[in-house]
Amino acid sequence: MKKSNAKTIYATSAKYSQITLEHIEQNRIESYTPFFKIDTKIDKWEKAIKAVEVIVSQLEKEGVEKSVYLLWSGKGIHVRINENAIPKDFGPLTAAHAIVQYVLREVRDEIIKIGDVKVDELIDPKRVFTVPLSPHKELDYVTVCFSPDKLSKFSLDWANPDSFIHEERVYERYEKDEAKELIERALMEYKPSHEGVKPKKRKPLRGKLLDFK
């Protein structure tokens, strides 16, 4: 699908008590939205959905469920956790990164088995994302949000700008401090690095064919 002429709109994953140059440059972050960014080729979007199922299932095992929502961004999908699930006594940026890093370590093998999907750790102070109902920068889709319990019904038609399906304000739902125990576990293993999960490279057949000569 080709993109229309509408402009893509972005917002920051970090929230500030004041929007000033000083607050932004010094990373005076009040809260931060943890997210898992799952990418694939548009014709393999169903594999991204399978990766979402794995991540959401793991979050539920870790006790985080009521604060989770999904955002289809155009070429991929985000699993996002409302920032209010992080208690105020944790550093928001480190807590968000620790959650994503820890969960991806737990599900890495399952995601690799799916194939053709990449999950990035993109937690940093200046990270932006496409806001709900904004058009994609390249494709003729809009960003839509919905809750995990609707995942099995999702299709690309939901992101059609002429007939989109969007769950309004699902991103405002949360259980306060829901991620507390997960953060405590995650911080015990936290490393300030960004690894993510990438699909395995397929080995070339060249050379193996010699065995059949």
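Among contacts between residues at least 6 apart in sequence, 74% join residues at least 24 apart in the chain. The model behind this value is predicted. The chain has 213 residues, and 46% of them count as buried. Its accessible surface comes to about 12200 Å², with 50% of that area belonging to carbon and sulfur atoms.

The secondary structure consists of four helices and nine strands. In sequence order these elements follow the pattern β-β-α-β-β-α-β-β-α-β-β-β-α.

Helix H2 is a useful place to enter the fold. Its 17 residues, at 1.5 Å a residue, should span 24 Å, and the end C-alpha atoms lie 25 Å apart, which agrees. Buried positions in H2 are Trp45, Ala48, Ile49, Ala51, Val52, Val54, Ile55, Val56, Gln58 and Leu59. These buried residues pack against several elements: strands E4 (35–39), E5, E6 (76–81) and E7 (118–120), together with helices H3 (92–114) and H4. After H2 comes glycine 63, which has a positive phi, near 90 degrees.

From H2 the path leads into the nonpolar interior. In soluble globular proteins, nonpolar side chains tend to be buried together. The largest nonpolar core here has 56 residues, and those with the most contacts inside it are Phe36, Ile38, Ile55, Leu59 and Val79. At least two residues of this core come from each of E4, H2, E5, E6, H3, E9 and H4. H3 gives the largest share, 11 residues. Isoleucine 55, a buried residue of H2, shows how such contacts are made up. Leaving aside residues up to four places away in sequence, isoleucine 55 touches Phe36, Ile38, Val79, Val103, Leu104, Val107, Ile111 and Val119. A second core, separate from the one above, has five residues, among them Tyr69, Leu71, Phe129 and Val170.

The charged side chains add another set of links. Across the whole structure, a search finds 15 salt bridges. One of them joins glutamate 175 to lysine 66, with the closest N and O atoms 3.2 Å apart. Glutamate 175 sits in the loop between strand E9 (144–146) and helix H4 (180–188), and lysine 66 in the loop between helix H2 (45–61) and strand E5 (68–72), so this pair ties together parts that are 109 residues apart in sequence. Glutamate 175 is partly exposed, at a relative accessible area of 33%, whereas lysine 66 is exposed, at 57%.

Two further bridges join residues with nearby numbers in the sequence. Aspartate 120 and lysine 118 meet through their side chains at 3.8 Å, N to O. Aspartate 120 has a relative accessibility of 14% and counts as buried, because the cut-off for that class is under 20%. Its partner, lysine 118, is partly exposed, with a relative accessible area of 32%. In the other bridge, arginine 127 meets aspartate 124 at 2.7 Å, N to O. Both of these residues are partly exposed, arginine 127 at 26% relative accessibility and aspartate 124 at 22%. Elsewhere, salt bridges that share partners join Asp149, Lys150, Glu167 and Arg173 into one network.

How values were computed:
Residues are numbered from 1 along each chain as its sequence is written. This is a predicted model: local features need pLDDT of at least 70, side-chain atom pairs count only at pLDDT 80 or more; totals for chains, interfaces and linings use all residues. Side-chain values use heavy atoms; hydrogens and water are left out. A salt bridge is a side-chain nitrogen of Lys or Arg within 4 Å of a carboxyl oxygen of Asp or Glu. Buried means under 20% relative accessible area, exposed over 50%, partly exposed in between (1.4 Å probe, protein chains only). Contact means heavy atoms within 4.5 Å. Accessible areas come from the Shrake-Rupley method with a 1.4 Å probe; for residues, only the protein chains shown count as cover. The expected span of a helix is 1.5 Å times one less than its number of residues. A nonpolar core is a set of buried Ala, Val, Leu, Ile, Met, Phe, Trp, Tyr and Cys residues joined through side-chain atoms within 4.5 Å.
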